Amino acid sequence: MAHFITREAVAADVASIVALLPRLADYTLPPNRTSEMFWSSDAKLVKRWADGGEPDVFVRIAVDAESSDADQAVVGVAIVTIKPDHFSSEPNGHLEVLCVAPAADGSGTGKKLLAEAEVEAKARGAQTMSLHVLGNNQRARHVYESVGYDEEMIRAIKFL
């Protein structure tokens, strides 16, 4: 089994991060939704972050520990925005993205990235951490529940 290490992302990692983002839609999607809907805005966010246009965003990645520095393919990413909590207006870390490549499935890489993101969000003043997850994304919901996240809100939609 490959060994993965985590680190703070840098602008040079953007292409590898964006290449991983379609994995966010790697499950049975709800009707009337396309794969691109689940990751295209995140790709724009990470590009703005790399250009310095998102000062309240931080990005952590996981890479194969055995690859050379010049050839470090991203196998996991966590992207967090620090912004006011929806209810309390207190500083909140919002997990925009957490995904891992199939090569890192089951390795604990996603949970490690999430734990590191929580530590960094707290260091930046966040008092809570939030995220959005679709109801039928059972894999993600299981991970979040297993590390203490409470499904606090349900969003309903009706296509007209």
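Colleague: How much area does the chain expose, and what share of it do carbon and sulfur atoms supply?

Modeller: Accessible areas come from the Shrake-Rupley method with a 1.4 Å probe, and for residues only the protein chains shown count as cover. Here the chain exposes about 9,500 Å². Carbon and sulfur atoms supply 53% of that area. This is a predicted model: local features need pLDDT of at least 70, side-chain atom pairs count only at pLDDT 80 or more, and totals for chains, interfaces and linings use all residues. Residues are numbered from 1 along each chain as its sequence is written, and side-chain values use heavy atoms, with hydrogens and water left out.

Colleague: In what order do the elements of the chain run?

Modeller: Helices (H or I, at least four residues) and strands (E, at least two) are DSSP runs, numbered from the N terminus. This chain has 4 helices and 5 strands. From the N terminus on, the order is β-α-α-β-β-β-α-β-α.

Colleague: Which residues of helix α2 are buried?

Modeller: Buried means under 20% relative accessible area (1.4 Å probe, protein chains only). Helix α2 covers residues 40–50. Its buried residues are Asp 42, Ala 43, Leu 45, Val 46 and Trp 49. Seen down the axis of α2, they fall within an arc of 160 degrees, taken from the directions from the helix axis to the C-beta atoms, so they line one face of the helix.

Colleague: What covers the buried residues of α2?

Modeller: Look for contacts, meaning heavy atoms within 4.5 Å. The cover includes α1 (14–20), β2 (57–64), β3 (74–84) and β4 (91–100). Just after α2, Gly 52 takes a positive phi of about 85 degrees.

Key
Buried < 20%, exposed > 50% of the residue type's maximum accessible area, 1.4 Å probe, protein only.
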